[in-house]
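Me: I've got a chain here that I've never looked at before. Can you walk me through a few of the labels people would put on it, and where they come from?

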Amino acid sequence: MWTLIAGRLWLMKELSDSPIMLGFVTASSLGPMLFLTLWGGVIADRVNRTKLIMITRVLFATIAFTTGVLITFQLIVPWHVIVTSLATSILLAFDIPSRQAMVANLVPKHLLPNAISLYALLPGGASVIGPALLSPTVTIIGLEGLFFLVGIAYLLTVVSFALIKTRAISNNNKGHSIWHNMKQGVFYIRNQRQIASLILIAIVFGVFGMSFTTLLPIFADKVFLGGLNSYSLLLLAEGVGGLVGAIVITKSATVKSSINLFIVGAVGFSLSLMLFSQSGSLTIGVGLITLVGATSVMFNTLNNVIIQTLVSEEYRGRVMSIHQFTWGSTAIGGLLLGYLASIIPAPTTLLLSSLVLCITIIIWILINPRKHFNNAPKVQ
């Protein structure tokens with residue numbers, strides 16, 4: 001998915017060399033989840049999650065093929081990129097909660113933290129392979145070829161999910177209306193202080209942290225003066241870092257041990273992003289973006305691990321859907337950073353954003369002692 005977003009960002013840069021339009025791509029790629037993710041969580045707790053994911057994957061493929069066709073016939077314009085990004089985001093609001101909650105239906109509960117950490121290796125590996133292929137793919141078969149390949153990949157995942165057998169989920173939620181289920185989920189999170197605080201800091205992380213990807217095309221082209229090759233290299237380095245981060249935390253996937261690494265990831269990400277914003281050469285930038293990738297995966301994965309270890313199975317889909325506000329918050333950050341980069345230099349924009357994130361993380365650590373998570377009730 002991140003390769004698809006990266007492709008759209010570069011496509012928009014080719015169509016309209018505007019930081020604001022890049023911000024709109026990020027916002028439209030993730031924004032609708034802010035409004036629809038609660039619905040996605042409710043549905044995830046009421047239906048067969050595997051079948052729902054298969055449906056969304058077919059639609060993802062259709063969108064990718066449509067984009068490829070528009071590029072092939074030279075009909076693509078900026079609003080097409082925005083519309084296809086919006087459609088993808090709407091589907092993600094239903095796809096991601098079911099996909100993340102489904103992990104709990106595949107493994108015994110005592111292995112859940114390890115399973116979630118191993119699951120993080122998949123997007124980590126994809127984030128390495130995808131960016132590595134971005135530049136040669138576009139060079140050989142063009143951007144349209146990239147989108148056709150993405151569409152084929154989505155269809156292959158449909159086949160994979162068709163072969164998966166999961167444990168049936170409880171049907172207790174079907175006895176109430178969707179609105180009632182939604183309110184139950186919100187009230188549940190409100191009463192679970194540890195879960196609520198983890199979701200809130202992840203939302204801030206999305207706004208002021210993960211939205212840095214919006215500015216990567218500008219850094220590649222304007223700061224490092226390397227164009228598409230530099231952009232692909234930065235994405236590759238970020239992906240390699242993410243893969244390393246996922247491997248590191250796989251051996252520490254329990255609530256008690258994970259909270260320390262979670263804090264290390266949070267602080268490390270904000271500091272490495274600050275340094276990256278001021279890097280003047282591609283070599284230094286690649287090294288720092290690798291660290292950014294590693295620490296971002298540490299933060300995001302361990303945030304997921306701790307929440308899923310604490311949450312009750314009955315509310316898992318709804319909690320994970322609200323957790324996806326972290327993805328939606330990246331859309332807000334993308335717009336904010338895109339706008340700021342249009343009036344002040346991109347490095348200054350990223351420096352200010354990462355500074356705000358660092359201060360917020362320090363405050364969060366001070367008001368959320370680690371013992372609160374170590375002593376929290378665990379899933380039985």
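Reply: Sure, let's start with one contact: Leu216, Pro217, Ala220 and Asp221 in H10 meet Gly227, Ser230, Tyr231, Leu234, Leu235 and Glu238 in H11. By class, that contact has six nonpolar, two polar and two charged residues. Keep in mind that this is a predicted model.

Me: Why is H10 called oblique to H11?

Reply: Look at the angle: the axes of H10 (residues 216-223) and H11 (residues 227-250) cross at roughly 135°. Roughly perpendicular covers 65 to 115 degrees, and roughly antiparallel needs over 145. The angle of roughly 135° fits neither of those, so H10 is oblique to H11. The two axes come within 8 Å, and H10 passes H11 in a right-handed crossing.

Me: What makes H3 roughly perpendicular to H8?

Reply: Again it's the angle. The axes of H3 (residues 33-44) and H8 (residues 178-191) cross at roughly 105° and come within 10 Å. An angle from 65 to 115 degrees counts as roughly perpendicular, so H3 gets that label relative to H8.

Me: Which residues make that contact between H3 and H8?

Reply: From H3 you have Leu38, Trp39, Val42 and Ile43, and from H8 there are Ile178, Trp179, Asn181 and Met182. Sorted by class, the contact has seven nonpolar residues, one polar and no charged ones.

Me: How do you know whether Gln74 is buried or exposed?

Reply: Check its relative accessibility, which is 72% for Gln74. Exposed means over 50%, so Gln74 counts as exposed. You'll find Gln74 in the loop between H4 (49-72) and H5 (78-102).

Me: What is the phi of Gln74?

Reply: The phi of Gln74 is near 55°, a positive value in a residue other than glycine. For background, most residues other than glycine have a negative phi.

Me: And zooming out, how many helices and strands does the chain have?

Reply: There are 17 helices and zero strands.

Me: How much of the chain counts as buried?

Reply: Of its 380 residues, 57% do, where buried means under 20% relative accessible area. The accessible surface comes to about 15,600 Å², and carbon and sulfur atoms hold 71% of that.

Me: One last thing: what share of the contacts joins residues 24 or more positions apart?

Reply: Among contacts with a separation of 6 or more, such pairs account for 87%.

Technical notes
Residues numbered from 1 in each chain as written. Predicted model: local features only at pLDDT ≥ 70, side-chain atom pairs only at ≥ 80, totals over all residues. Heavy atoms only, no water. Axes fitted to C-alpha atoms, helices over the stretch in contact; angles between N-to-C directions. Helix = DSSP H or I, 4+ residues; strand = E, 2+ residues; numbered from the N terminus. Parallel < 35°, antiparallel > 145°, perpendicular 65-115°, else oblique. Left-handed = near helix turned anticlockwise from the far one by under 90°. Contact = heavy atoms within 4.5 Å. Nonpolar A, V, L, I, M, F, W, Y, C, P; charged D, E, K, R; others polar. Buried < 20%, exposed > 50% of the residue type's maximum accessible area, 1.4 Å probe, protein only. Areas by Shrake-Rupley, 256 points an atom, 1.4 Å probe, with all protein chains shown as cover.
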